[in-house]
Amino acid sequence: MTARGGVSRTRRTRRSRRRARWAPDVAAKARRSLPETGIGHGWEATAIMALTAVLLLFGLLTLHSASSVMAQRGDLPHYHYVARQGVGVVIGIVLMVICARIPTQWWRQFAHHILAGAVVLLVIIILPFTEAIAPPVNGARRWLRVGVTFQPSDLAKLAVVVWTAALAVRKQPLMRSMRRGLAPFLVGWVLVLVPIALEPDLSTACLIVAVGMSIVFVAGARVGHFVVLGLACIPLAGPLLLSGYRGARWESLLLNPGIVPDGSAFQSYQSLVAIGSGGVTGVGFGEGQQKFGFLPESHNDFIFAMIGEEWGLVGTVAVILAFLAMIVLGFRIARRARDTFGELLAVGVSSLIGFQAFLHIGVGLGVMPVTGLSLPFISFGRSNLVAMLAAVGILLAVAREAPGCEVQRTAEGPG
């Protein structure tokens with residue numbers, strides 16, 4: 001009995017050792033609820049990069065079709081605008097990779113400096129003695145030419161996102177207060193909005209306000225405060241939005257939709273003609289007719305209409321779904337962020353891409369007045385393209401820092 005008992009104990013010991021040797025691997029596999037991508041915990045970051053790549057490639061194709069006729073009329077190669085956009089793609093991807101590697105706490109630490117730099121650039125382009133480096137184009141001074149040409153307002157969009165998220169973390173216990181919570185945000189936003197409005201570029205100013213309010217709303221601001229601010233701004237915003245050509249655009253949109261095209265209604269009318277001509281599947285890639293001088297800015301402000309004409313309902317729905325997917329993925333990354341700053345940063349970037357995309361789409365569909373906002377990743381414009389790819393990089397940085405499992409987020413974050 002003793003010998004048999006000893007043998008049994010020896011066998012049980014060996015089985016226990018085998019179980020112990022395999023147990024850690026089994027447990028490790030069981031803890032993984034989402035696949036590892038190498039970019040961040042989960043699949044959202046990889047999906048964001050895939051969507052961005054698809055939109056960039058589709059944008060280059062659409063841009064070539066929309067701009068080739070215009071380029072040849074200017075005695076330029078048919079690929080002129082695509083080649084210029086390609087340079088922006090390369091620069092933007094490099095910047096996206098760099099931003100993805102920068103710790104989010106660096107953005108928080110230098111948020112005030114970034115905002116101050118953006119304000120300085122915005123002031124420079126509206127000064128009366130800087131026309132040599134900031135010449136007026138189509139009645140507006142929006143571009144700074146210092147060896148390279150770019151719009152400081154594109155930098156200002158990212159600066160406001162970073163600064164608002166950083167301040168919201170500091171002010172989070174006071175966000176329910178108008179004077180001590182929300183008022184400091186208004187001061188910072190006004191510093192950016194006033195020079196942008198003087199360019200003039202009211203569409204970008206409205207976009208920045210919408211993005212900033214999205215961040216502070218998620219941070220805990222009261223809806224009632226937004227209502228009060230909206231009512232208080234009517235006496236100031238009303239004259240700005242209804243004066244000059246802007247008033248004519250609102251009139252054509254709200255009071256005279258579908259009127260014979262002339263003046264302010266011409267672009268919207270031709271945009272609807274382009275989209276209506278596309279039908280369900282479109283007239284075919286490169287076969288659109290509106291680019292032959294009928295639709296102004298078909299390669300930029302109205303490129304969504306070109307998508308509707310050549311790719312039809314299928315193409316426009318696919319583009320809309322792609323941007324909706326980016327927004328959802330961005331909010332998923334925000335939910336899994338390491339700390340509150342990362343969460344608000346991801347919300348701000350997602351809102352920036354989403355608001356700009358759907359304002360552009362709304363203009364193309366005739367449900368919004370003409371704003372001049374580019375369609376992210378698709379419209380021609382290297383300045384905006386680089387800024388949007390940098391924004392994607394910041395979103396990837398938040399995903400990279402996400403913990404592997406759910407942890408309690410704090411306002412200050414780890415360390």
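Helices are runs of at least four residues in DSSP, numbered from the N terminus. With that in hand, let's work through some exercises on this predicted model.

**Exercise 1. Find out where Leu56 sits, whether it is buried or exposed, and which residues it touches.**

Step 1: Look for the element. Leu56 belongs to helix α2, which covers residues 44–73.

Step 2: Check the accessibility. Buried means under 20% relative accessible area. Leu56 has 8% relative accessibility, so it counts as buried.

Step 3: List the partners, leaving out residues up to four places away in sequence. Leu56 then touches Val89, Phe377, Leu385 and Leu389.

Step 4: Take one partner and compare sequence with space. Leu56 and Leu385 are 329 residues apart in sequence, while their C-alpha atoms are 9.4 Å apart.

**Exercise 2. Describe the chain as a whole: how many helices and strands does it have, and what share of its residues is buried?**

Step 1: Count the elements. The protein chain has 14 helices and two strands.

Step 2: Turn to burial. The chain has 415 residues, and 46% of them count as buried.

Step 3: Look at the contacts with a separation of 6 or more. Residues 24 or more positions apart account for 72% of these.

**Exercise 3. Compare the backbone at Asp75 and Phe377, then say which is buried and which is exposed.**

Step 1: Start from the general picture. Most residues other than glycine have a negative phi.

Step 2: Read the angles. Asp75 has a positive phi of about 60°, and Phe377 has a positive phi of about 70°. Neither Asp75 nor Phe377 is a glycine.

Step 3: Place them. Asp75 is in the loop between α2 and α3, and Phe377 is in the loop between α13 (340–364) and α14.

Step 4: Use the cut-offs. Exposed means over 50% relative accessible area, and buried means under 20%. Asp75, at 73%, is therefore exposed. Phe377, at 2%, is therefore buried.

**Exercise 4. Explore the nonpolar cores: which members of the largest one touch the most other members?**

Step 1: Recall a general tendency. In soluble globular proteins, nonpolar side chains tend to be buried together.

Step 2: Go to the largest nonpolar core. Of its 90 residues, Phe185, Val192, Leu375 and Phe377 touch the most other members.

Step 3: Zoom in on Leu375. Not counting residues up to four places away in sequence, Leu375 touches Ile303, Ile307, Val319, Phe323, Ala357, His360 and Ile361.

Step 4: Look for another core. A second, separate core has five residues, including Leu63, Ala71, Val82 and Phe380.

Step 5: Follow Phe380. Phe380 lies in the loop between α13 and α14, and its 12% relative accessibility is why it counts as buried. Among the residues that Phe380 touches are Leu63, Tyr81 and His299. The C-alpha atoms of Phe380 and Asp301 are 8.5 Å apart, with their positions 79 residues apart in sequence.

**Exercise 5. Describe the second largest pocket: what is its volume, and which element gives the most to its lining?**

Step 1: Note the volume. The second largest pocket has about 530 Å³.

Step 2: Find the residues at the middle. Of the 22 lining residues, Leu95, Phe150, Ser383, Val386 and Ala387 are the closest to the centre.

Step 3: Assign the lining to elements. α3 (80–101), β2 (148–150), α6 (152–170) and α14 (382–400) each supply at least two residues. α14 gives the most, with six residues.

Step 4: Sort by class. The lining has 16 nonpolar, four polar and two charged residues.

**Exercise 6. Study two serines: where are Ser298 and Ser153, and what do they touch?**

Step 1: Begin with Ser298. Ser298 is in the loop between α11 (266–278) and α12 (303–335), and its relative accessible area of 5% is why it counts as buried.

Step 2: Follow its side chain. The side chain of Ser298 reaches the backbone oxygen of Ala66 at 3.4 Å. Beyond four places in sequence, Ser298 touches Ala66, Lys291, Ile303 and Met306.

Step 3: Move to Ser153. Ser153 lies in helix α6 and, at 1% relative accessibility, counts as buried. Among the residues it touches are Leu122, Ile196 and Glu199.

Step 4: Continue from Glu199. A cis peptide bond joins Glu199 and Pro200, with omega about 0°. Pro200 is in the loop between α7 (178–198) and α8 (202–219).

Definitions and conventions: Residues numbered from 1 in each chain as written. Predicted model: local features only at pLDDT ≥ 70, side-chain atom pairs only at ≥ 80, totals over all residues. Heavy atoms only, no water. Buried < 20%, exposed > 50% of the residue type's maximum accessible area, 1.4 Å probe, protein only. Polar contact = N/O pair within 3.5 Å; in protein donor to acceptor, adjacent residues only side chain to side chain. Contact = heavy atoms within 4.5 Å. 1 Å grid on protein atoms, 1.4 Å probe; cavity = no way out; pocket = protein on both sides within 12 Å on 5 of 7 lines; lining within 4 Å. Points joined across faces, edges and corners; volume = space filled by probe spheres on them. Nonpolar A, V, L, I, M, F, W, Y, C, P; charged D, E, K, R; others polar. Core = buried A, V, L, I, M, F, W, Y, C linked by side-chain atoms within 4.5 Å.
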